[in-house]
Each structure stands twice: as structure tokens, then as C-alpha cells.
Amino acid sequence: MAQSILDEAKQFFDKAMEMRKDRPIPALNTSKLRNFLNEVVTISNRVEILKAKRIQNNDNSNDLPQNLQNLVDFLDVKLMYQVGREDNKGPRPLKKFYEAGNMAKRINSAKQGITEYKRFADLMEAVVALHKYHGGSDK
């Protein structure tokens, strides 16, 4: 049986926090996560439109067209860019998030189909919510 989104998000969050225990780092600010989530939601909207069109046409295929796969791939590029912008001399909380969450693998899996993308988008929303719930700063 598949793990629930909330359980998966908690595991993701706990792993990120565990990485912080080894070497204290400043908290990851919520605005960086929200910016990433906004990109995810933008793609989610396009995926929902595709899904609705397919339902209307009695097409139950799960595949994502290449243009949406490219947008999903570009999420990784945007996230890596933000990671790269962090100060290399100091703590890198976004890099810890990227590594702890195995984001490259998750993003790659998300482009496998509508169902996989929806799960990824739901997971990212849950992780951002947990981060905020546990005191994530907006600084």
C-alpha cells in the first residue's frame, strides 16, 4: 500500500531536520519554498486542464505531453539555480532541502504521468505546510 502524502511529507521534513542536527544551519525561509510551490501550482493548473480535456474525450491516458514534461524538468533547473545562489561560504539550507528530499529524483518521477505529477505537487504543498507549521520563517 502506498504511503499517504502526509506521512511522506513528514518523513521528508524529518529527514531535512535530521540533516540540520549534524551541523546547525539557519532555517530555510518559507518564501523560497513558496516560490518553488508557486511554480509547481502553475504546472498543476495546466495538468488539471489536460486531465479535464481527456475526461471530456473519454481518454483515460495518464501520460504527460512533452511540453508539460519539459516544464516539470525545468522545476529542477529553477531549484538548482536557487540552490546555487546560496552563499557557498555559509550554510546552505535550500541545498539541504534539495538533498534531503532527493528532489532531482522526485521531479524526474513527477514527469512520468498525471498521477505521478499530482502526487508530487501534493507532497510539495504538504512539505511547505509542515515547514510553516513548525515555525518556518518568512525572512
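## Exercises on a six-helix chain

In the packing of helix 2 against helix 3, Phe36, Glu39, Val40, Ile43, Arg46, Val47 and Leu50 of helix 2 meet Asn67, Leu68, Leu71, Val72, Leu75, Lys78 and Leu79 of helix 3. To meet, or to be in contact, is to have heavy atoms within 4.5 Å. The model is predicted, so that local features need pLDDT of at least 70 and side-chain atom pairs count only at pLDDT 80 or more, while totals for chains, interfaces and linings use all residues. Residues are numbered from 1 along each chain as its sequence is written, and side-chain values use heavy atoms, with hydrogens and water left out.

**Exercise 1.** Determine how many helices and how many strands the chain contains, and what share of its residues is buried.

*Solution.* Step one is to count the elements, taken as DSSP runs numbered from the N terminus (helices: H or I, at least four residues; strands: E, at least two). The chain has six helices and zero strands, and its pattern along the sequence reads α-α-α-α-α-α. Step two concerns burial (buried: under 20% relative accessible area; exposed: over 50%; partly exposed: in between; 1.4 Å probe, protein chains only). The chain has 139 residues, of which 37% count as buried. Step three turns to contacts between residues at least 6 apart in sequence: 72% of them join residues at least 24 apart.

**Exercise 2.** Describe how helix 2, helix 3 and helix 5 are arranged with respect to one another.

*Solution.* Two packed helices are described by the angle between their axes and the distance between the axes. The axes are lines fitted to C-alpha atoms, for helices over the stretch in contact, and the angles run from 0 to 180 degrees between N-to-C directions. Angles under 35 degrees count as roughly parallel, over 145 as roughly antiparallel, 65 to 115 as roughly perpendicular and the rest as oblique.

First, helix 2 and helix 3 cross at roughly 175°, and their axes come within 11 Å; the pair is therefore roughly antiparallel. Second, helix 3 packs on helix 5 at about 160°, with the axes 8 Å apart, and this pair is therefore also roughly antiparallel. Here Val72, Leu75, Asp76 and Leu79 of helix 3 meet Met103, Ala104, Ile107 and Ala110 of helix 5.

**Exercise 3.** Is Leu68 buried or exposed, and which residues distant in sequence does Leu68 contact?

*Solution.* Begin with the location: Leu68 belongs to helix 3, residues 66–85. Its relative accessibility is 4%, and therefore Leu68 counts as buried. Next, set aside the neighbours within four places in sequence; Leu68 is then in contact with Arg46, Val47 and Leu50. Finally, compare sequence with space: Leu68 and Lys111 are 43 residues apart in sequence, yet their C-alpha atoms are 7.7 Å apart.

**Exercise 4.** Examine the part that helix 6 plays in the largest nonpolar core.

*Solution.* A nonpolar core is a set of buried Ala, Val, Leu, Ile, Met, Phe, Trp, Tyr and Cys residues joined through side-chain atoms within 4.5 Å. The largest one has 33 residues, and Phe36, Val40, Met103, Tyr117, Phe120 and Met124 touch the most other members. Two or more residues come from each of helix 1 (5–22), helix 2 (30–56), helix 3, helix 4 (93–100), helix 5 (103–110) and helix 6. Helix 6 contributes the most, with 10 residues.

Among the buried residues of helix 6 are Ile114, Tyr117, Phe120, Ala121 and Met124. Beyond its neighbours within four places in sequence, Tyr117 is in contact with Val40, Ile43, Ser44, Val47, Leu64, Val72, Leu75 and Ala110. From the other side, Ser44 of helix 2 touches Tyr117 and Ala121, not counting residues up to four places away in sequence. Ser44 counts as buried because its relative accessibility is 16%.

**Exercise 5.** Which residues other than glycine have a positive phi near 55° or near 50°, and where do they lie?

*Solution.* Most residues other than glycine have a negative phi. Asn58 has a phi near 55° and sits in the loop between helix 2 and helix 3. With 73% relative accessibility, Asn58 counts as exposed. Asn102 has a phi near 50° and lies in the loop between helix 4 and helix 5. With 40% relative accessibility, Asn102 counts as partly exposed.
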